[in-house]
Amino acid sequence: MNYKMIGRVNALILAVEAAFMFPALLICLWDRDFPTALAFWHSILLTLAASGILALFSRKARRGFYAREGLVCVGISWIIMSLLGCLPFYLSGQIPHYIDALFEIVSGFTTTGASVVADVEVLTRGVLYWRSFSHWLGGMGVLVFLLAIIPLSGRNDGFTMHLLRAESPGPNVGKLVPRMRQTAMILYLIYILLTILTVLFLLAGKMPLFDAVCTAFGTAGTGGFGIKSDSMAGYSPYLQNVCTVFMLLFGVNFSCYFLLLLRRFRSVWQDEELRIYLAFFVGSTALITWNLRGFYETIGETVRHAAFQVSSIMTTTGFATVDFDAWPSFSKAILLCLMIVGACAGSTGGGMKCIRVLLLLKIMRRNIQQVLHPQKIQVIRVNGQVMSEKILGNTNAYLAAYVVIVISSFLIVSLDGFSITTNLSAVLACFNNIGPGLELVGPAGNFGSFSILSKLVLILNMLAGRLEIFPMLVLLSRSTWKHQ
């Protein structure tokens, strides 16, 4: 295990995290909120100190870096980043308990949007900014950002490939261009441009600048931390529609946008994952609109709320325009299913991912065909390419791990004595990085009532869900740390 190289990467990550705290500090100074500014200043110093210690430890680190180190490095970096990133919440006293502050920042970095804060409007603007920005930073991944701006590996592209594969969502990560650092740069440039477009469209709807920036961070990262207690309900229909569209756009595989830039429109339209993603959105919106007939005054209002919530839940953003927990059971059941499905691989969205759902359906069909025709060789293709047995095996392993973790977490969280709906939706909302669940943890509720044990379990769920399970499992595996 190359501990020094892992330490070097984490030192750089903490330095980047400290730098990103400065805008929140400046907002506090602008508002003359000196107690919160002091909390951010102390947090920056502590984060830089930790970065310096790791940098000293990792001097003369050798370049050798393989898949195991990549998974361990990603898992450790997200934990350390969260342990220090929650300090502004805790030191300012605005979230007085450390575990609650940790829950909040993990929810931010993993783009979950689940909150323990009952009334977010009592938080200062500096804290609200850092809370929302954590979505944007975690949406594409801090390691992807690091790979985009710093040549960590010289000419050894395998180094960056292991990190990118460990942090990026989806069953497989490919290169957009020959070098991985250029791939990371392209991904972040697309991410930044789409975020700027979101801000401009929100400003066009007369949303205040601070609100527009924070909302864009939540939309881009598909996170869902709102700066209003009613999330998006108090904003105009135009602003809600803007968020509906951009949430949907950020749930698309970013490779599709790269293909659009290359004017390969046919390749984009023929993408099977994109087509099933859009089919889920249109079909779910239509079914919920039908189920909500007569629930709102006009059909236009019904479609607007249905489309917004489908886009929000499917992309795992978690914004809300209404309390969908009050909707009929059929509509809530659709949203619960969408929590599991999630967005596309290679997007900022969470969940199981549409590509895995597509692969599982094809695997099931192949198994049926093999029973009927045992002598016939069956291959599975996606977008015309044959899927390797390794990818199919990883998909099956992911599903098995997914089920085991959800059931285990559900049983532990149920010790708190809340309803089955509350407990199950809380686990699904955190593990799939959604945010709001149903009943006690619905859009009008929060996660503050859970015990410390349940919050720690849900924190692990959020991290495992964002990192596609395996980095966390590798980190917790005893065999990972054995000398080989």
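## His305 in helix α15

His305 sits in helix α15 of this predicted model. Its relative accessibility is 5%, so His305 counts as buried, the cut-off for that class being under 20%. Beyond residues up to four places away in sequence, the contacts of His305 are with Gln240, Tyr296, Thr321, Val322 and Trp327.

A further distance places His305 relative to Phe324: the C-alpha atoms of the two residues are 9.1 Å apart, with their positions 19 residues apart in sequence.

## Asp325 in the loop after α15

Helix α15 covers residues 299-314 and helix α16 covers residues 329-341, and Asp325 belongs to the loop between them. When neighbours within four places in sequence are set aside, Asp325 contacts Lys332, Leu438, Glu439 and Pro443.

Two of these partners have distances attached. Leu438 is 113 residues from Asp325 along the chain, yet their C-alpha atoms are separated by 5.7 Å. In the case of Glu439, the backbone nitrogen lies 3.1 Å from a polar atom of the Asp325 side chain.

## Glu104 in helix α5

Helix α5 comprises residues 98-109, and Glu104 is part of it. Glu104 has a relative accessibility of 0% and therefore counts as buried. Which residue does the side chain of Glu104 join through a polar contact of 2.8 Å? The partner is Arg131, also through its side chain.

Arg131 appears again in the list of residues that Glu104 touches, not counting those up to four places away in sequence. The other members of that list are Phe89, Ile95, Ala114, Ser115, Val116, Val117 and Phe225.

## Helix α17 and its two partners

Helix α17 runs over residues 354-372 and helix α18 over residues 389-413; their axes come within 10 Å and cross at roughly 105°. The two helices are therefore roughly perpendicular to each other. On the α17 side, the residues that meet α18 are Arg356, Leu359, Leu360, Ile363 and Arg366. On the α18 side they are Glu389, Ile391, Leu392, Thr395, Asn396, Tyr398 and Leu399. By class, this contact consists of seven nonpolar, two polar and three charged residues.

Helix α17 also packs with helix α14 (residues 272-291), at an angle of about 100° and with the axes 9 Å apart. This pair, too, is therefore roughly perpendicular. From α14, the contact includes Glu272, Glu273, Ile276, Tyr277 and Phe280. These meet Cys354, Ile355, Val357, Leu358 and Lys362 of α17. The contact of α14 with α17 has seven nonpolar and three charged residues, and no polar ones.

## Two lysines with positive phi

Lys353 is placed in the loop between α16 and α17. Its phi is near 90°, a positive value in a residue other than glycine. Is Lys353 buried or exposed? It is buried, because its relative accessible area is 1% and the class takes in values under 20%.

Lys206 likewise has a positive phi, near 65°, and is a residue other than glycine. Its position is in the loop between α9 (180-204) and α10 (209-220). With a relative accessibility of 76%, Lys206 counts as exposed; the cut-off for exposed is over 50%.

## Gly70 in helix α3

Helix α3 spans residues 67-85 and contains Gly70. Gly70 is buried, with a relative accessible area of 0%. The C-alpha atom of Gly70 is separated by 8.3 Å from that of Ile6, a residue 64 positions away along the chain.

## The protein as a whole

The secondary structure of the model comprises 21 helices and two strands. Of the 484 residues in the protein, 57% are buried; His305, Glu104, Lys353 and Gly70 are among them. The exposed area is about 20,200 Å², with carbon and sulfur atoms supplying 66% of it.

Among contacts in the protein with a separation of 6 or more, 72% are between residues 24 or more positions apart. The contact of Asp325 with Leu438, residues 113 apart along the chain, is one of these.

How values were computed:
Residues numbered from 1 in each chain as written. Predicted model: local features only at pLDDT ≥ 70, side-chain atom pairs only at ≥ 80, totals over all residues. Heavy atoms only, no water. Helix = DSSP H or I, 4+ residues; strand = E, 2+ residues; numbered from the N terminus. Buried < 20%, exposed > 50% of the residue type's maximum accessible area, 1.4 Å probe, protein only. Contact = heavy atoms within 4.5 Å. Areas by Shrake-Rupley, 256 points an atom, 1.4 Å probe, with all protein chains shown as cover. Axes fitted to C-alpha atoms, helices over the stretch in contact; angles between N-to-C directions. Parallel < 35°, antiparallel > 145°, perpendicular 65-115°, else oblique. Nonpolar A, V, L, I, M, F, W, Y, C, P; charged D, E, K, R; others polar. Polar contact = N/O pair within 3.5 Å; in protein donor to acceptor, adjacent residues only side chain to side chain.
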